Amino acid sequence: MGDVRTLSVPDSLHGLLAARLDSLPPGIRELVGDAAVLGTAFPAEALLAISEQPAETVQAELAELVRREVLEISADPLSPQRGSYRFTQNMLRRVAYDTLSRRDRKARHLVVAAHLRNAFENDEIMEVVARHYLDALAAVPDDPDAGAIRSAAIEVLLRAGERAEESGAPGRAAEDFAAAADLTSQFPEAMNTVGATLWERAATAARTAGDNEKLIAYAERARNIYIEHRRERDAARAQTLLGFGTSLDGHIAQARELLADAVEVLRPSPDADTVTALRELAVLETFDGNPVSTQLTEEALVLGQALDVPDAQLADLVVSRALNYNNRGQYTEAAALYEYGVRLAERVGDTAGHARGLTGLASMKLALDPRAAADAARSAYELGKRLGARRLMAVSLTNVGWAEIFLGDWEAAGRALQAGMHADGLADDDTAASVVATLAALRGELSEGDARTTLTACRASEDPQDRCQALLVDALAAATAGRLDEALDTATEIVDHGQALGLTHELYVFGWTTAVRVAFERGDLPAVEALVARLDAHPVGHVPPLLRAERSLARARLGAARDEADADDDFTDAIAQLRAAGSPYHLAHALLDQAEFRAVTAVGPADLLLAEAAAIADRLRATPLAARAAAARAAADVPAVG
């Protein structure tokens, strides 16, 4: 049912349409009023059920209304409303509705609501039922039975919200719970805490839907009501939701304060809410690179086990601990915990937890095993899609795109990103847009102006990952444009966030390698040495294979700059490592590095190296890489192949 109150009919047209309705016989005019309350389209059975006229009379009057072109019969074979009646003009329906007195509207809406509840045993149309209750209330809000109607509306809105959650429509569920919560404010004060509970449910559904604005608004409503009623622990639980939403908005300092305050309230008498607040604070600190995250993730997991929290909650705690291990370079422990968290969530049927675990696993494996990362990310995406969880979908889509970039199938990356952003409605998400922008920058398709105007939410965020997404796009665009000082400073800023990102993070890998490449291009060997030293500060097992190979390449280039005798062998060894690491883009640059070295020193042939690098550049459609290959061929006096 569309809300006829949202239509506006000009006075002159209103008069013409009202006169047309007034010309109808009284019985038919009354039937039109019933139809207007039912909706724009309705089955004849519904009109028969609510009309007080005999069935034969109703059928005859429907035929007359069709003849007079007030109604028409839907004949679209693809429409679920085929065979139903509908108004030929929505404005005509509005005028018919307006001609009813307020009490007639109320009475008819209540009759329709009762009919629908009796006719349908399941919750499929509870939102429609609720709309009729709300319209009945709006018609005569001060009648003695208003409280009973509100209670009925709250009941059906709850049922509608729960059905929406189960059917993968969390955004719809959030709206239903919020509408129910809003109705409780019109009850005596004792009902207010019931409303707070409903605002919490609305916030949780909005969180799943990825609607952060509503998450924050609903969680704040819940918290404020609890505070007003001196229910401190309930307020802290709602504040945990508020802190999560605030962190997603990029306001890390504010989110930290909200979550830390919630933990302080909940910690003295630990329960499942304490565990949740600890987990959210731990995840925030992990992503922000704060060493306290290690203690917090351990405390949350130990406490969760001690309290015997449900397996779905335990799975989230395990995944949080895995994230912390990953950022500390302990990949074996991280992988084991991610995989256990995934299995645990899957076993208990927690689809959201299952998707979160797969998302974390995919993120960790991007620079370690991009094929496995792509598989995990695609599975997480499908689970998120089933739930209608846009945030999970966006992160998973990002992981799919990055995995294909590492694997060298940039066409597949582009297809996946475009499909998700357009077919699945993620076009307005900066997380997914960041990979699209990165791919464009790698291909030299992002102008300076475009680079500066993309990813506005990331640029305004305090979150290191958000900021580094924009920084990488800027660094690549600046390098392509020849602004080497800017490119080096920007890429180095990504490296500065290494503790928050972790060495396996795709942004760190591309940030470090871009910084090194630009530093060499500038002839800034001390900058290269400083970047190599940063990796050397980590145990060798904490450095992922691709970065180890790139570090070997940097050392080979440093050796070449110092005229070391074994520089060519070092290049060959680094290239072998890069082949094993499996990123064609990085391999192509290494091939050109050795080719350029050989062209100057004549220590070996460069033609095969140049040909392979050029072929990779063509396959990736990476214009800056192709331009470098062409310049290297010309400098080496090697003709282009083909």
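Buried here means under 20% relative accessible area. With that in hand, enjoy a short tour of this predicted model.

**Figure 1. The whole protein chain, with 34 helices and three strands.** Of its 642 residues, 53% are buried. Along the principal axes, the C-alpha atoms fill a box of roughly 105 × 65 × 40 Å. Among the contacts with a separation of 6 or more, 61% join residues 24 or more positions apart.

**Figure 2. Surface and charges of the protein chain.** About 27,200 Å² of the chain is exposed, and carbon and sulfur atoms supply 51% of that area. The chain carries 64 positive and 97 negative charges, yet the mean positions of the two sets lie 3 Å apart.

**Figure 3. A close-up of S247 in helix α12.** The helix spans residues 232-248, so you will find S247 by following this stretch. Is S247 buried or exposed? The relative accessibility of S247 is 15%, and because the cut-off for buried is under 20%, S247 counts as buried.

**Figure 4. The polar contact made by the S247 side chain.** Which backbone atom does the side chain of S247 reach? Look for the backbone oxygen of F244, at 2.6 Å from the S247 side chain.

**Figure 5. Neighbours of S247 from beyond the local sequence.** Leaving aside residues up to four places away in sequence, S247 touches I252, A255 and L284. This view puts those three residues around S247, a buried member of the chain.

Definitions and conventions: Residues numbered from 1 in each chain as written. Predicted model: local features only at pLDDT ≥ 70, side-chain atom pairs only at ≥ 80, totals over all residues. Heavy atoms only, no water. Helix = DSSP H or I, 4+ residues; strand = E, 2+ residues; numbered from the N terminus. Buried < 20%, exposed > 50% of the residue type's maximum accessible area, 1.4 Å probe, protein only. Contact = heavy atoms within 4.5 Å. Areas by Shrake-Rupley, 256 points an atom, 1.4 Å probe, with all protein chains shown as cover. Lys, Arg positive; Asp, Glu negative; His and termini not counted. Charge placed at Lys NZ, Arg CZ, Asp CG, Glu CD. Polar contact = N/O pair within 3.5 Å; in protein donor to acceptor, adjacent residues only side chain to side chain.
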